[in-house]
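Have the model open on your screen and work through these exercises one at a time. Try each task yourself before you read its solution.

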Amino acid sequence: MEEPDAARLPSRLARLLSALFYGTCSFLIVLVNKALLTTYGFPSPIVLGIGQMTTTIMILYVSKLNKIIHFPDFDKKIPGKLFPLPLLYVGNHISGLSSTSKLSLPMFTVLRKFTIPLTLLLEAIILGKQYSLSIILSVLAIVLGAFIAAGSDLTFNWEGYVFVFLNDIFTAANGVYTKQKMDPKELGKYGVLFYNACFMLIPTVIISVSTGDFQQATEFSHWKNVLFIVQFLLSCLLGFLLMYSTALCSYYNSALTTAVVGAIKHGRWFKILLFNTKQPVET
């Protein structure tokens, strides 16, 4: 009678630790990105996303060369296996960074809670997953709370609202499709992360150059500021850790669980801490 419980214990521990890992990474990257995009006034969220993609490719490729991890070599079937993840991946990156820079952090965290019902809906449509009435009512309660909190926003910003709702959609779809694509017999979680970043790096660079985003980044005045450079590199590393922890959490749990962890990571004391942000750095 004890063997089934013993067999389930590692799985329960893995689910818990993966959720905690994801929540921690998700919180830290919002903190660092908020400092870069508002405190320092870094004008190029797309370039920041490019740095995170490049870091992901480098870490995973070096790890594969050193046989630390394994994922399949490239072949012509891989793009079809991944679609539409690369598009969702870059959309999630750009909309997330843009919304962080245009909204106050408390309002950003409130509106990000709409990811939860979107994830529940997409899991039902795409994965055929069914949830109990109690879970559905809990999700509706979260949405109601988000509506009430959003109604008190005195710094209404249409552009910021559009970006954060796009980010909610991309995040929900990315989570559900990631769960669907992470079959160990196919690409596995490392293959999904690596080829996602590879396929979208060049198009994102082209978008950055054509929109003038890359030029703004190169002309930024704080590149000689050591503290800024450290935070920029930290954001790139956290970008990789966030993508990895998201895949890990989705692998051991449901996409809905991942969405809920992403929404609750900003507890009230986190919001109080982050709301007391420093004034913009003098240039």
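The exercises below go from the whole chain down to single residues of this predicted model.

**Exercise 1. Get the overall picture**

Task: Find how many helices and strands the chain has, and what percentage of its residues is buried.

Solution:
- Start with the secondary structure: you should get 13 helices and 0 strands.
- Next, walk along the chain from the N terminus, and the elements read α-α-α-α-α-α-α-α-α-α-α-α-α.
- Finish with burial: of the 283 residues in the chain, 48% are buried.

**Exercise 2. Check two helices against a ruler**

Task: Compare the end-to-end reach of H2 with its expected span, then do that for H11.

Solution:
- Take H2, which covers 45-65. Its 21 residues should span 30 Å at 1.5 Å a residue, and the C-alpha atoms at its ends are indeed 30 Å apart, so the two values agree.
- Move on to H11, residues 226-252. This helix has 27 residues and reaches 38 Å from first C-alpha to last, close to the expected 39 Å.
- While you're at H11, look at its start: a side-chain oxygen of Asn225 comes to within 3.0 Å of the backbone nitrogen of Leu227.

**Exercise 3. Is H2 enclosed?**

Task: Work out from its buried residues why H2 counts as largely enclosed, then see what follows the helix.

Solution:
- Count the buried residues, meaning those under 20% relative accessible area. In H2, 15 of the 21 residues pass, so the rest of the structure largely encloses this helix.
- Now step past the end of H2, where you meet Lys67 with a positive phi near 60°.
- Lys67 isn't a glycine, yet has that positive phi. It sits in the loop between H2 and H3.
- Check its accessibility: at 75% relative accessible area, Lys67 is exposed, because the cut-off for exposed is over 50%.

**Exercise 4. Take apart the largest nonpolar core**

Task: Find which residues have the most contacts inside the largest nonpolar core, and which helix gives it the largest share.

Solution:
- First, the background: in soluble globular proteins, nonpolar side chains tend to be buried together.
- Here the largest nonpolar core has 27 residues, and Leu60, Phe71, Leu82 and Tyr195 have the most contacts inside it.
- Then look at who supplies it: H2, H3 (78-82), H4 (85-102), H9 (188-210) and H11 each give at least two residues.
- The largest share comes from H9, with 8 residues.

**Exercise 5. Look for what's on the outside**

Task: Find which residues make a nonpolar surface patch, and which pair forms a salt bridge.

Solution:
- For the patch, pick out Leu13, Leu16, Leu17 and Leu20, which together make about 390 Å² of nonpolar surface. Leu16, one of them, is in H1 (residues 2-39).
- For the salt bridge, there's 1 in the structure. The partners are Asp73 and Lys64, with their closest N and O atoms 3.3 Å apart.
- Asp73 has 55% relative accessibility, so Asp73 counts as exposed.

**Exercise 6. Spot partners that are far apart in sequence**

Task: For Gly23, Leu111 and Thr204, say whether each is buried or exposed, then find how far apart the C-alpha atoms are in the pairs that follow.

Solution:
- Gly23 lies in H1 and is buried at 11% relative accessible area. Gly23 and Cys249 are 226 residues apart in sequence, with 9.4 Å between their C-alpha atoms.
- Leu111 belongs to H5 (residues 105-111) and is buried at 1%. From Leu111 to Phe147 is 36 residues along the sequence and 8.3 Å in space, C-alpha to C-alpha.
- Thr204 is in H9 and is buried at 1%. Its C-alpha is 9.9 Å from that of Gly91, and 113 residues of chain separate the two.

**Exercise 7. Two local details**

Task: Find which peptide bond is cis, and what the side chain of Thr171 contacts.

Solution:
- Go to the bond from Phe83 to Pro84: it is cis, with omega near 5°. Pro84 is in the loop between H3 and H4.
- Then find Thr171 in H8 (residues 158-181). Thr171 is buried, at 16% relative accessible area.
- Its side chain makes a polar contact of 2.7 Å with the side chain of Asn92.

How values were computed
Residues are numbered from 1 along each chain as its sequence is written. This is a predicted model: local features need pLDDT of at least 70, side-chain atom pairs count only at pLDDT 80 or more; totals for chains, interfaces and linings use all residues. Side-chain values use heavy atoms; hydrogens and water are left out. Patches are made of residues with over 30% relative accessible area and no salt bridge: like charges are joined within 9 Å, nonpolar side chains (Val, Leu, Ile, Met, Phe, Trp, Tyr) within 5 Å. Accessible areas come from the Shrake-Rupley method with a 1.4 Å probe; for residues, only the protein chains shown count as cover. A salt bridge is a side-chain nitrogen of Lys or Arg within 4 Å of a carboxyl oxygen of Asp or Glu. Helices (H or I, at least four residues) and strands (E, at least two) are DSSP runs, numbered from the N terminus. The expected span of a helix is 1.5 Å times one less than its number of residues. A polar contact is a pair of N or O atoms within 3.5 Å; within protein, one must be able to donate a hydrogen and the other to accept it, and residues adjacent in sequence count only if both atoms are side-chain atoms. A nonpolar core is a set of buried Ala, Val, Leu, Ile, Met, Phe, Trp, Tyr and Cys residues joined through side-chain atoms within 4.5 Å. Buried means under 20% relative accessible area, exposed over 50%, partly exposed in between (1.4 Å probe, protein chains only).
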